[in-house]
Amino acid sequence: MRALRLAGRELHHQRSRFLLIALCLAVGFAAFFATFGFARAVQVGIQRESRTLLGADLVVRHRGLGAEDLPARLASLKGRAAQSLVYEFPTMASGGTSEAPLTRLVEARAVDGAYPLLPGLELEPAAGSPLKGLFVDAGLAEAWGLKPAAPGAEGSEVLLAGRRALRLGTGIVPVAGVIRQDPGATASPFALGPRVILDLDTARELGLVTARARLSTRLLITLAPGTPLESAVAEARRLAGPGVRVQGHEEAASNLARPLRNLNRFIQLLGLGTLLLAAMGGWAILTAFLEGRTREAAILRCLGAPPDLPVRAYGLLAGGLLLGSMLLGYLLGSTFALLLPRLLGDLLPASLGPVGWPPPPLLETAVALLALALLLLPPLLRLGRARPLDLLREGPEPRRSGLPFQSPAALGAALLLAFLVIRQAPNLRIGLYTALGFAGLLAVVYGLSRLVLLGYRRLLPRLPLALRLGLGQLGARPGLTALLMSVLGMAVFLTLATQFVKEDLIAPLARQRGDGTRANLFLLDVPPESREELFQQFRALGQTSWTEAPLVRARLTSIAGKPVAVRDAEQPGEEERGRSFRNREQNLSWRPRLADSERIVAGVYWPDDGQPRGEASLEEGFAQSIGARLGDELELDVAGEPLRATVTSLRAVRWTSFQLNFFILLHPSLLEDAPTTHLLALEVEDPARRARIAAEVAARHPMVTVVDVADIVARVGRVLDLVALVARVLAGLMMASALLVLGASLLAGRLGRARDLALLRAVGASDRLLHWSLVWEFLVLGGGSAALAAAQAWLAARLYGRHVLDLDARPDPTLGLLLMGATALLTLGLGLLASRRSLRRKPLEVLRSE
Amino acid sequence: MIRLANLTKDFPSPDGHPLRVLEGIDLLLPASASLAIEGPSGSGKSTLLGILAGLERPTEGRVEVAGVDLGTLTERQLAAFRARTLGFVFQAFHLLQHFSALQNVVIAAEIAGLPDPLPRSREALARVGLEDRLDHLPGQLSGGECQRVAIARAIVARPPVLLCDEPTGSLDPANAGKVFELILDLHRDLGTSLVLVTHDPALASRMEHRLRLERGRMVAA
């Protein structure tokens, strides 16, 4: 009770100061609650809307054709209510006139009469049942000025010129309407092109549903109410047999929304960064506050208070501050989480937007609070050890003794925070790396700043007086200073690293616009008989160079003598990637020698001697994912024919070179008689000529898919811009929170600063000298931490670019320098502002008050 | 020499009426002389010392220290005046906790603009008997040693005036005696004027002049 009264009295007398500290802390927590609230809501949205996103309860997938009997195979599925057969494939769509041609890659969905099985798809005008005709994405319709043709109209050049029809495959199809909402399509912002939906009969008439097309077959199934999904999925797997994939709606929707999920993970990672920041901020502020109470604790002891009274009283105050600011942060952050979807624009399907107030992430909050409690325990318990005699012995700042459990408490807190990071990661390995990354970052900033603060005394006599005084202030509380530098450093690091990585990702893509070394126009599924005609077309359009690779589609049946299905069963816990890589349709190619963008990392690539060899070369990452090693024999099914090859080399491929590269290369002698298509890559600098080539190819070779990389770059760039925008907003919040932490720490520890300033004034220091000492102090604090963090962010981006993106990334240091300067100036401004009152106080008033 | 003429100091009080803490103080202290300022708590002793140090400005009256009329100086000039003309010793030592004993003195020497601050600081510390404690932080020194550092800091620039605000108030009797003797020795050796605020009549009696304050008024000199 006494402790409560004491805490209440202090709170009442210093309410404005406490309010400010709580506000500073709340901003940090707000950033955390905002990111987590948003990400959690999107996750819940994906699960909740998974049926709508998928358009069914479960889906049976098959790459390519050859699964036409799927409906028959699944006909006996228990609890089956309805089913719909759907084919999805990218194809070229063109329109307009020959003078003003419009061409682009679209993602087509050819559907049978039962489609759609569930509500969610909005067409305008509403399609009849069964769905007939061609419906185009609203964005494409707007961009190309497409309008629905009159009902019953036949496809013709007139309709095409009037923008009421599109050329698809081998014919012209009138536009029946516009897709207003397609939940499944909007869940994937990285789609190759806009969606078009057409009925299956029309698609077949246009020659779109053929074995050559890059096509996937899906059988969508809805279940009768009350049918358990899991057992239905299990039975569907049994009925469907090998070579197909069966997924329930939650799993399928999660895959469908993978880019969104990845974006979410990224935001969650930033959220964790903000939580770490908030925790460190809370630690810094409350440590400064508690350390400033040592004198009061000693006085209370002088007055006869038991040792635990100051501990309990100030523990109550610190705990109250923490909980209050967390609550305030939750309110602020949740409001921001509600506004975040607006920032993301159409990246987020309307159906996934967070609805209502996001629930607080209880586990994360509790763990963070526990970690903070552990961190605050040492300075709190130190209050109980305040020795009254110290007051007489050393004046206003009694000696701070170390505590035996200080390091274990810090270690415990670090482990708790690491647990949060690992829990959030997609797998343990990434989680460990991320946690170690955070720990490394903090250790370097904290360690280096401690080192500087320990070492500066040696340099003291050689430094200007103002700088010495500034460093002295920083060195007076080396732990707190290092902590503040870590908080500032963390904010700078997250801001810069995000920007650097974004630049790493976008820069090589942007360079595709023809810098003389890389291709930017790709032609897929080129039949062998069309090659020469295409080459003539290229020459006629002024294009004299291109590269070419043959392509054969196949399926992996066994690796090192073990069937793929057995491997899948043996490794139930492995990453999705491995299973997916083994079971997908494989693109095989061959070439006599390696391309510029690849190098051998293990084994030997076959010699170009014309001799037949049963050898295969795998991309190293792919080999690791499917579990293949050097010397393993791969068995493949090529159009029903078995083919065997031994892995004799592993390659590292620089994918961002945009050259024609493959996971599996086979010796040319193995694929001589296999059904082959060709892949062509052209480098066309002039966008107009590129568009002309694409239009001509689409018009004369409707089965050839043309991919303009510039278009993809624009889409990826748009997504990355949005990601960067979100990251910048969050980084801004982090920066603000770090600066507020600084301000609050200065306020919390103002007493010592005021005393030193008063003393220096009493011994004759001028205003100018005192101001300069403060300028140096805050410049070193802000600039030093920003410099350390910027250097680390630069290094991290370089390593990430080199080892993860396989780029010789050299992030532009200008941004780092700018942010460093800005952080130094902001810290300086805020520091001077927070010290203004200390500077103004009369020296005698300060000195005599102690 | 210190000359005070009709010195008055008011402070604003919570009720809006000015609170008079010093009234009509007149004093003339010759150069190199010593003065004890005595009086009960709240009598204005420390305020008077602050005015002598140029840390407070009087409401009325004139203050002349070492031939300088403090009323004519700007804040910047006052700071320079303090650095070169005054040495200040506080009851609570007021050392910069994060600087060593030597650095505490060096900083004062540099603020005073001494050409060779380091040897002068070593010399000042040697004079107070701390030549073997140069690199110790205040937290590593005893109370008496801390006050000696504070005295070394006050005399490093050889100021003509030394102001001491109850310099032995925080020390045990043995240390208090030693510190007081040290101050007197320095006053004599360096020829500084010494102004000492004290409650202790025994110490006051060792000064050449005594000034007693009660409720802001001079009751004896």
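In chain B, V65(B) sits opposite V68(B), a residue of strand β5(B). This pair belongs to a predicted model, so the usual caution applies to what follows.

V65(B) falls within β4(B), the strand that spans residues 60-65. Two bridges tie β4(B) to β5(B), and the two strands run antiparallel. Stepping back, they are part of an open sheet of four strands in chain B, arranged in the order β2-β1-β4-β5 with antiparallel pairing. At the edges are β2 (18-29) and β5 (68-69) of chain B, each with a pairing partner on one side only. As for what holds such an arrangement together, strands of a sheet pair through backbone hydrogen bonds, in either a parallel or an antiparallel fashion.

Chain B also offers a helix pair worth a look. Helix α3(B) covers residues 101-111 and helix α4(B) covers residues 117-127; their axes come within 9 Å and cross at roughly 125 degrees. Because of that angle, α3(B) counts as oblique to α4(B). The crossing of α3(B) past α4(B) is right-handed. On the α3(B) side, the contact is made by A101(B), L102(B), V105(B), V106(B), A109(B) and E110(B). Facing them from α4(B) are P117(B), L118(B), R120(B), S121(B), R122(B), A124(B) and L125(B). Sorted by class, this contact between α3(B) and α4(B) has nine nonpolar residues, one polar residue and three charged residues.

Turning to where the chains meet, chain A puts 27 residues into the contact and chain B puts in 32. Several helices of chain A each supply at least two residues to the side that touches chain B: α15 (388-394), α18 (465-476), α26 (750-762), α27 (767-804) and α29 (843-848). That side of chain A is made up of 14 nonpolar, five polar and eight charged residues.

How confident is the prediction for chain A? Its mean pLDDT is 78, with 80% of its residues at 70 or more. Among the elements of chain A, strand β16(A), residues 615-619, has the highest mean pLDDT at 92, while α15(A) has the lowest at 49. So one of the helices supplying residues to the side that touches chain B is also the element with the lowest mean pLDDT in chain A. Over residues 392-399 of chain A, pLDDT stays under 50, and the model has 25 contacts there beyond four places in sequence. Residues 512-516 of chain A likewise have pLDDT below 50, with 12 contacts in the model beyond near neighbours in sequence.

Note on methods:
Residues are numbered from 1 along each chain as its sequence is written. Chains are lettered from A and ligands numbered from 1 in the order in which they are written. This is a predicted model: local features need pLDDT of at least 70, side-chain atom pairs count only at pLDDT 80 or more; totals for chains, interfaces and linings use all residues. Two strands pair if DSSP finds at least two bridges between them. Axes are lines fitted to C-alpha atoms, for helices over the stretch in contact, and angles run from 0 to 180 degrees between N-to-C directions. Angles under 35 degrees count as roughly parallel, over 145 as roughly antiparallel, 65 to 115 as roughly perpendicular and the rest as oblique. A crossing is left-handed if the near helix is turned anticlockwise from the far one by less than a right angle, and right-handed if clockwise. Two residues are in contact if their C-beta atoms, placed from the backbone, lie within 7 Å. Ala, Val, Leu, Ile, Met, Phe, Trp, Tyr, Cys and Pro count as nonpolar, Asp, Glu, Lys and Arg as charged, and the others, Gly among them, as polar. pLDDT is the predictor's confidence in each residue, from 0 to 100.
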